[in-house]
Amino acid sequence: MFLRSVTLLKDKITDEETYPFSIPAIRGLDTLDFVNGVTFFVGENGSGKSTLLEAIAYQCGFHTAGGGKNNYYNVDSSQAALGEYIRLSWLPKITQGFFLRAESFYHFATYLDRLAKDDPSFNYRGYGGRSLHEQSHGESFLSLFLNRFGGKGIYLLDEPEAALSPARQLAFLRLIHQLVNGGNAQFIIATHSPILLGYPDAKIFSFDSDGIESVRYEDTEHYQITKGFLNRTEKFLADLFRDEEN
Ligand SMILES: Nc1ncnc2c1ncn2[C@@H]1O[C@H](COP(=O)(O)OP(=O)(O)OP(=O)(O)O)[C@@H](O)[C@H]1O
Ligand SMILES: [Mg+2]
């Protein structure tokens with residue numbers, strides 16, 4: 001555990017009507033405490049998870065389009081709108097880690113290719129030994145996780161499941177478990193995956209129009225909908241499609 005809390009600096013806010021303060025969960029934020037090695041952000045599309053994660057990445061000094069501390073490359077929309085409006089409390093303070101953003105991972109892979117071209121000794125060290133562009137989406141994600149993650153670090157991951165098959169999501173859970181139990185890693189993960197959310201002893205923060213609240217795994221929509229769907233698929237689908245028949 002390194003990052004203990006994030007606090008919204010309300011006094012700095014001048015306009016509550018526009019993004020990012022137009023988002024109820026962000027506007028209502030006070031202090032969010034991180035008490036576990038793994039924290040999840042869940043909530044509907046557009047509820048503000050990425051906005052907060054990106055702001056945390058900004059304050060960590062990570063590239064807000066994805067990357068770590070020493071990764072510089074240009075990509076559109078890499079400013080963190082909320083970044084200057086939050087304060088992080090650390091104990092102890094660390095600077096290592098990584099911010100994964102599924103949507104700009106392609107640019108990150110291109111940036112690594114450029115590094116490899118400029119410096120043959122780079123050799124994709126820390127990234128599985130070959131260009132991430134030469135690996136499938138899921139392979140490249142897992143390469144990054146397996147090779148780049150490790151040692152002391154804070155890992156901010158925005159929908160890491162986007163590329164991962166169910167079996168690879170389980171492999172990823174194992175990796176998280178190893179790193180967290182080693183005592184050197186903290187994860188904050190925005191996710192829609194009912195598999196990832198099942199990580200034991202994780203804190204789950206749910207974002208909605210009432211703000212951000214801690215929820216139990218079994219009380220998340222992800223768990224309930226998936227369970228209902230798998231337990232009684234035919235009935236679930238019949239209910240879902242019923243109105244269409246009239
Ligand atoms: N740069 C921006 N300018 C204006 N509005 C934005 C900007 N980025 C996001 N928003 C809006 O802010 C809201 C929250 O976006 P955010 O990306 O944080 O949601 P999210 O919880 O991560 O959703 P998802 O689960 O779909 O990834 C959305 O309604 C979105 O349209
Ligand atoms: Mg998002």
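Biologist: Let's start with cysteine 60: is it buried or exposed?
Modeller: In this predicted model, cysteine 60 counts as buried, because its relative accessibility is 3% and the cut-off for buried is under 20%.

Biologist: Where does cysteine 60 sit, then?
Modeller: Cysteine 60 belongs to helix α2, which covers residues 49–60. If we set aside its neighbours within four places in sequence, cysteine 60 is in contact with Lys69, Leu88, Trp90, Ile154 and Leu156.

Biologist: And how far apart are cysteine 60 and arginine 174 in space?
Modeller: They are 25 Å apart, C-alpha to C-alpha, with their positions 114 residues apart in sequence.

Biologist: What about leucine 52, which helix is that in?
Modeller: Leucine 52 is also part of helix α2, and at 0% relative accessibility leucine 52 counts as buried. Not counting residues up to four places away in sequence, leucine 52 touches Val6, Ile26, Leu29, Leu32, Phe41, Leu82, Phe207 and Ile212. The C-alpha atoms of leucine 52 and isoleucine 86 are separated by 9.1 Å, although these two residues are 34 residues apart along the chain.

Biologist: Changing topic, which residues have the most contacts inside the largest nonpolar core?
Modeller: That core has 37 residues, and those with the most contacts inside it are Phe108, Leu144, Phe145, Phe149, Phe172 and Phe187. At least two of its residues come from each of the strands β3 (38–43), β5 (97–101), β6 (153–158) and β7 (185–190), and likewise from each of the helices α3 (105–118), α4 (137–148) and α5 (166–181). Apart from this core lies another, of 33 residues, and among its members are Leu52, Ile86, Trp90 and Phe205.

Biologist: What does phenylalanine 187 touch?
Modeller: Leaving out residues up to four places away in sequence, phenylalanine 187 touches Gly37, Val38, Thr39, Phe149, Tyr155, Leu157, Ile176, Leu179 and Val180. As background, nonpolar side chains tend to be buried together in soluble globular proteins.

Biologist: Now a polar one, glutamine 169: buried or exposed?
Modeller: Glutamine 169 is buried, with a relative accessible area of 9%, and its place is in helix α5. Beyond its neighbours within four places in sequence, glutamine 169 is in contact with Glu161, Leu164, Ser193, Ile195 and Leu196.

Biologist: And asparagine 123, buried or exposed?
Modeller: Asparagine 123 counts as exposed, because its relative accessibility is 52% and the cut-off for exposed is over 50%. This asparagine is found in the loop between α3 and α4.

Biologist: Last topic, the ligand: which residues are around ligand 1?
Modeller: The residues around ligand 1 are Tyr19, Ile23, Glu44, Asn45, Gly46, Ser47, Gly48, Lys49, Ser50, Thr51, Glu159 and His192. That shell divides into 2 nonpolar, 7 polar and 3 charged residues.

Biologist: Which side chains have a polar atom by an oxygen atom of ligand 1, and at what distances?
Modeller: Among them, threonine 51 has a polar side-chain atom 2.6 Å from an oxygen atom of ligand 1, and an N or O atom in the side chain of lysine 49 is 2.7 Å from a ligand oxygen. For glutamate 159, a polar side-chain atom lies 3.1 Å from an oxygen atom of ligand 1.

Biologist: How much of the ligand's area does the protein bury?
Modeller: Taken alone, ligand 1 exposes 640 Å², and the protein buries 55% of that.

Methods: Residues numbered from 1 in each chain as written. Chains lettered and ligands numbered in written order. Predicted model: local features only at pLDDT ≥ 70, side-chain atom pairs only at ≥ 80, totals over all residues. Heavy atoms only, no water. Near = heavy atom within 4 Å. Polar contact = N/O pair within 3.5 Å; in protein donor to acceptor, adjacent residues only side chain to side chain. Areas by Shrake-Rupley, 256 points an atom, 1.4 Å probe, with all protein chains shown as cover. Nonpolar A, V, L, I, M, F, W, Y, C, P; charged D, E, K, R; others polar. Core = buried A, V, L, I, M, F, W, Y, C linked by side-chain atoms within 4.5 Å. Buried < 20%, exposed > 50% of the residue type's maximum accessible area, 1.4 Å probe, protein only. Helix = DSSP H or I, 4+ residues; strand = E, 2+ residues; numbered from the N terminus. Contact = heavy atoms within 4.5 Å.
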